[in-house]
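Me: I have a protein model open and I'm not sure how to read it. Could you walk me through it, one feature at a time?

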Amino acid sequence: MMHISVNLLYPGLTTVSFDRIITYMPYYYVLARKGSECHRHYVQLDPESADVLHDVLVGRYDLVQVCEVPRISVEPELVIAPAP
């Protein structure tokens, strides 16, 4: 099985294997927009990694939002699953 690490794209992010995800790790809503290009996703991260993700995206997009959201508001079809 091939494993591609998010750390290569976003240095400083902390990732863990899927079987080690802790249920209390918060979800974050991620919005990144540049011109007509718009990305919306939810991802489970620790707070420090969410800060790093925000800082990286700010350098690449015109509008960026990375904010913690309650689990009940997460849209399952927009969740980015952690790497295996």
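**Reading the model step by step**

Reply: Let's start with one residue: at 15% relative accessibility, Q44 counts as buried. Buried means under 20% relative accessible area, exposed means over 50%, and partly exposed is in between (1.4 Å probe, protein chains only). Before we go on, note that this is a predicted model, where local features need pLDDT of at least 70 and side-chain atom pairs count only at pLDDT 80 or more, while totals for chains, interfaces and linings use all residues. Residues are numbered from 1 along each chain as its sequence is written, and side-chain values use heavy atoms, with hydrogens and water left out.

Me: Where is Q44, and what does its side chain reach?

Reply: Q44 sits in strand β2, residues 37–44. Helices (H or I, at least four residues) and strands (E, at least two) are DSSP runs, numbered from the N terminus. The Q44 side chain reaches the backbone oxygen of M25 at 2.9 Å. That is a polar contact: a pair of N or O atoms within 3.5 Å, where, within protein, one must be able to donate a hydrogen and the other to accept it, and residues adjacent in sequence count only if both atoms are side-chain atoms.

Me: How many helices and strands does the protein have, and in what order do the elements run?

Reply: Count 2 helices and 3 strands. Starting at the N terminus, the order is α-β-β-α-β. Of the 84 residues in the protein, 31% are buried.

Me: How do I read a nonpolar core, and which residues make up the largest one?

Reply: A nonpolar core is a set of buried Ala, Val, Leu, Ile, Met, Phe, Trp, Tyr and Cys residues joined through side-chain atoms within 4.5 Å. Here the largest has 11 residues: Y28, V30, A32, V43, L45, A50, L53, L57, Y61, V64 and V66. At least two residues of this core come from each of β1 (27–34), α2 (47–58) and β3 (63–69). There is also a second, separate core of 7 residues, with Y27, Y29, L31 and Y42 among them.

Me: Can we zoom in on one core residue? What does Y28 touch?

Reply: Y28 belongs to strand β1 and is buried, at a relative accessible area of 6%. For touching, use contact, which means heavy atoms within 4.5 Å. Leaving out residues up to four places away in sequence, Y28 touches H41, Y42, V43, L45, D46, P47, A50, V66, C67, E68 and V69. You can also compare sequence with space: Y28 and R71 are 43 residues apart in sequence, yet their C-alpha atoms are 9.1 Å apart. Over the protein, residues 24 or more positions apart account for 61% of the contacts with a separation of 6 or more.

Me: How do I read a helix that has a buried side?

Reply: An α-helix has 3.6 residues a turn, so residues three or four places apart point the same way. In α2, the buried residues are S49, A50, L53 and L57. Seen down the helix axis, they fall within an arc of 100°, so they line one face of α2. That arc is taken from the directions from the helix axis to the C-beta atoms. The cover over these buried residues includes β1 and β3. Turned away from them is a face carrying the exposed residues E48, D51 and D55.

Me: Is L57 buried or exposed, and what about D55?

Reply: L57 is buried, at 5% relative accessibility, whereas D55 is exposed, with a relative accessible area of 55%. Both have sequence-distant partners to look at: L57 and R33 are 24 residues apart in sequence and 9.5 Å apart, C-alpha to C-alpha, and D55 and V66 are 11 residues apart in sequence and 9.6 Å apart in the same terms.

Me: What caps the N-terminal end of α2?

Reply: D46 does: one of its side-chain oxygens lies 3.2 Å from the backbone nitrogen of E48. The D46 side chain also makes a polar contact with the side chain of S49, at 2.9 Å. S49 itself is buried, with a relative accessible area of 1%.
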